[in-house]
Amino acid sequence: MRKLLSSLFALAVASVTAVSVHAQEVKGDAKAAEQKVAMCIGCHGIKGYQASFPEIYKVPMISGQNAKYIASSLYAYQKGERKHPTMKGIAASLTDQDIADIAAYYEQHGKTQAPAPAATAPDAKVAELLKKGACVSCHGENFSQPIDPSYPKIAGQHKDYLFVALKSYKTENLSTWGRSNGVMGGIAKQYSNNELKALSAYVGSLDTELKTVPQSKFR
């Protein structure tokens, strides 16, 4: 297991380096993104909004998320590494500058200067599951301070979204659903769906910096 996690970590570092180099080529302008986020608001700007594919779950909170993670996610949809049809279509319409601007916008959107969230200790079963996946080694202290900004803050994210996202890394050979990522795929496949649900419930219960900030398409 230790050898597997070491290999996955090495792959993660290589992947982050590639994304970081690409992201550094374009500087995001949060102000410019105010005219580009209408397509995002329809889902991510409505509190409690639920997606219905491939099952019903709350769309993720992205206000306050790391810009580099938002950018890397959009590129993953562009390249087909993430296969959600709606997000793939939206990402395909974006230029590199659009992605950089939107990522910068949501990183600062609704952001406060409050201290980083504190974590509540998990029960013994969940603690073992977290240890098995070495989750803190990438997502950082309290799951809100990832070791690289290309990784997401996950503390307090909607538990049903976290569960669906984790399951998607186990999904293969489907044209419209699933995520292809060597690191997360190797980790997620270690768990049963019930174990993923337990992990998601714990992480989703934590204090968070993430928000859904209500917005209107009509400004």
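This passage describes two helix packings, the cysteines and one buried threonine in a predicted model.

The helix pairs come first. Two packed helices are described by the angle between their axes and the distance between the axes. For helix H8, which spans residues 159-168, and H10, the axes lie 8 Å apart and the packing angle is about 140 degrees. H8 is therefore oblique to H10, since an angle must exceed 145 degrees to count as roughly antiparallel. The crossing of these two helices, H8 and H10, is right-handed. On the H8 side, the contact is made by Lys-159, Leu-162, Phe-163, Leu-166 and Lys-167. H10 contributes Asn-193, Leu-196, Lys-197, Ser-200, Ala-201, Val-203 and Gly-204. In terms of chemical character, the residues of this contact between H8 and H10 comprise 6 nonpolar, 3 polar and 3 charged.

A second pairing involves helix H3 (residues 67-79) and helix H4 (residues 85-92), whose axes come within 8 Å and cross at roughly 100 degrees. H3 and H4 are therefore roughly perpendicular to each other, as the range for that label runs from 65 to 115 degrees. Here Leu-74, Tyr-77 and Gln-78 of H3 meet a set from H4 made up of Met-87, Lys-88, Ala-91 and Ala-92. The contact of H3 with H4 divides into 5 nonpolar residues, 1 polar and 1 charged.

Turning to the cysteines, the structure holds 0 disulfides. Cys-135 takes part in no disulfide, and the nearest cysteine sulfur, which belongs to Cys-138, is 8.8 Å away. Seen from the other side, the closest cysteine sulfur to that of Cys-138 is the one in Cys-135, and 8.8 Å is too far for a bond, because a disulfide requires the two sulfur atoms to be within 2.5 Å. Both residues sit below the 20% limit for burial: Cys-135 counts as buried because its relative accessibility is 16%, and Cys-138 counts as buried because its value is 14%.

The last residue considered is Thr-212, which lies in the segment after helix H10 (193-204). With a relative accessible area of 12%, Thr-212 is buried. Which residues surround Thr-212 once its neighbours within four places in sequence are left aside? Thr-212 is in contact with His-44, Gly-45, Ile-46 and Lys-47, and also with Met-61 and His-158.

Note on methods: Residues are numbered from 1 along each chain as its sequence is written. This is a predicted model: local features need pLDDT of at least 70, side-chain atom pairs count only at pLDDT 80 or more; totals for chains, interfaces and linings use all residues. Side-chain values use heavy atoms; hydrogens and water are left out. Buried means under 20% relative accessible area, exposed over 50%, partly exposed in between (1.4 Å probe, protein chains only). Helices (H or I, at least four residues) and strands (E, at least two) are DSSP runs, numbered from the N terminus. Contact means heavy atoms within 4.5 Å. Axes are lines fitted to C-alpha atoms, for helices over the stretch in contact, and angles run from 0 to 180 degrees between N-to-C directions. Angles under 35 degrees count as roughly parallel, over 145 as roughly antiparallel, 65 to 115 as roughly perpendicular and the rest as oblique. A crossing is left-handed if the near helix is turned anticlockwise from the far one by less than a right angle, and right-handed if clockwise. Ala, Val, Leu, Ile, Met, Phe, Trp, Tyr, Cys and Pro count as nonpolar, Asp, Glu, Lys and Arg as charged, and the others, Gly among them, as polar.
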